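Notebook open, structure loaded. I'm jotting things down in the order I looked them up.

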Amino acid sequence: VQLQACGGGFVQAGGSLKLSCAASGTMISIVGTMRWYRQAPGKQRESVATISASGATNYADSVKGRFTISRDNTNNTMSLQMNSLEVEVTAVYYCNADIATSGSRVSNYWGRGTQVTVSS
């Protein structure tokens with residue numbers, strides 16, 4: 001099982017970016033809760049947004065109203081639309097998911113990060 005995140009980049013303050021994350025693997029049976037985390041330089045990794053398998057969402061207070069998390073259960077993908085970006089959101093963004101594989105219990109997986117840089 002692999003999680004692959006993409007969509008990061010360099011954008012000016014006030015701009016938008018959309019991150020995507022895809023879960024892949026021949027043994028995937030169920031993709032449960034999916035999450036976005038971020039880690040800024042010198043700071044701890046923090047939760048940004050969460051979406052359950054049924055679509056229930058939760059956001060960090062700092063991104064409410066500006067970020068939107070979504071998922072496509074058919075393709076085992078997740079997105080994070082980020083609008084009105086501020087310099088403070090500059091960080092490496094990671095996707096995370098609870099995934100069950102055929103014949104195995106649910107395990108938690110991390111993808112490699114994708115860098116988001118917002119300039120003033």
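**Turns and positive phi**

I started with the hairpin of E4 and E5, where 6 residues sit between the strands and Gly42 has a positive phi near 75°. Keep in mind that this is a predicted model.

Next I went looking for positive phi outside glycine. Most residues other than glycine have a negative phi. Asn76 goes the other way, with phi near 55°. I found Asn76 in the loop between strand E7 (67-72) and strand E8 (77-82). That hairpin has 4 residues between its strands.

Ser84 is another non-glycine residue with a positive phi, near 50°. Ser84 belongs to the loop between E8 and E9. Is Ser84 buried or exposed? Neither label fits: Ser84 counts as partly exposed because its relative accessibility is 42%, and the partly exposed class runs between 20% and 50%.

**Strand pairing**

I then checked what E4 pairs with. E4 (residues 28-39) and E9 (residues 91-101) are antiparallel and share 9 bridges. Within that pairing I noted Arg38 opposite Tyr93 of E9. E4 also runs antiparallel to E5 (residues 46-51), with 5 bridges joining them. There, Met34 has Ile51 of E5 as its bridge partner.

How many bridges join E7 to E8? I get 6, again antiparallel. One of the residues I looked up was Arg71, whose bridge partner in E8 is Met78. I also split E7 by face: Phe67, Ile69 and Arg71 are on the covered side, while Thr68, Ser70 and Asp72 are on the uncovered side.

**A look at Ala53**

Ala53 is in the loop between E5 and strand E6 (57-59). Its relative accessible area is 39%, so I log Ala53 as partly exposed. Which residues does Ala53 touch, leaving aside its neighbours within four places in sequence? I list Val31, Gly32, Thr33, Arg71 and Asn73. Arg71 is the residue I had already placed on the covered face of E7. I also took a C-alpha to C-alpha distance from Ala53 to Ile30: 8.9 Å in space, with their positions 23 residues apart in sequence numbering.

**The largest pocket**

On to pockets. The largest pocket comes out at a volume of about 160 Å³. Its lining has 13 residues, and Arg38, Lys43, Glu46, Glu88 and Val89 are the ones nearest the centre. Arg38 is thus on my list twice, here at the pocket and earlier opposite Tyr93. What is the make-up of the lining, by nonpolar, polar and charged residues? I count 4 nonpolar, 3 polar and 6 charged.

**Whole-chain numbers**

Last, I zoomed out. The secondary structure is 0 helices and 11 strands. I looked at overall dimensions too: the C-alpha trace spans about 50 × 25 × 20 Å along its principal axes. The radius of gyration is 14 Å, and a compact globule of 120 residues would be near 14 Å, so the two agree.

How much of the protein counts as buried? The figure is 41% of the 120 residues. For contacts with a separation of 6 or more, I note that 55% come from residues 24 or more positions apart.

Methods
Residues are numbered from 1 along each chain as its sequence is written. This is a predicted model: local features need pLDDT of at least 70, side-chain atom pairs count only at pLDDT 80 or more; totals for chains, interfaces and linings use all residues. Side-chain values use heavy atoms; hydrogens and water are left out. On a 1 Å grid over the protein atoms alone, a cavity is a set of points where a 1.4 Å probe fits but cannot get out, and a pocket is an open set with protein on both sides within 12 Å along at least five of seven lines; lining residues have an atom within 4 Å of a point. Grid points are joined across faces, edges and corners, and a volume is the space filled by probe spheres set on the points. Ala, Val, Leu, Ile, Met, Phe, Trp, Tyr, Cys and Pro count as nonpolar, Asp, Glu, Lys and Arg as charged, and the others, Gly among them, as polar. Two strands pair if DSSP finds at least two bridges between them. Helices (H or I, at least four residues) and strands (E, at least two) are DSSP runs, numbered from the N terminus. Buried means under 20% relative accessible area, exposed over 50%, partly exposed in between (1.4 Å probe, protein chains only). The radius of gyration is taken over C-alpha atoms; the globule rule is 2.2 Å times the number of residues to the power 0.38. Contact means heavy atoms within 4.5 Å.
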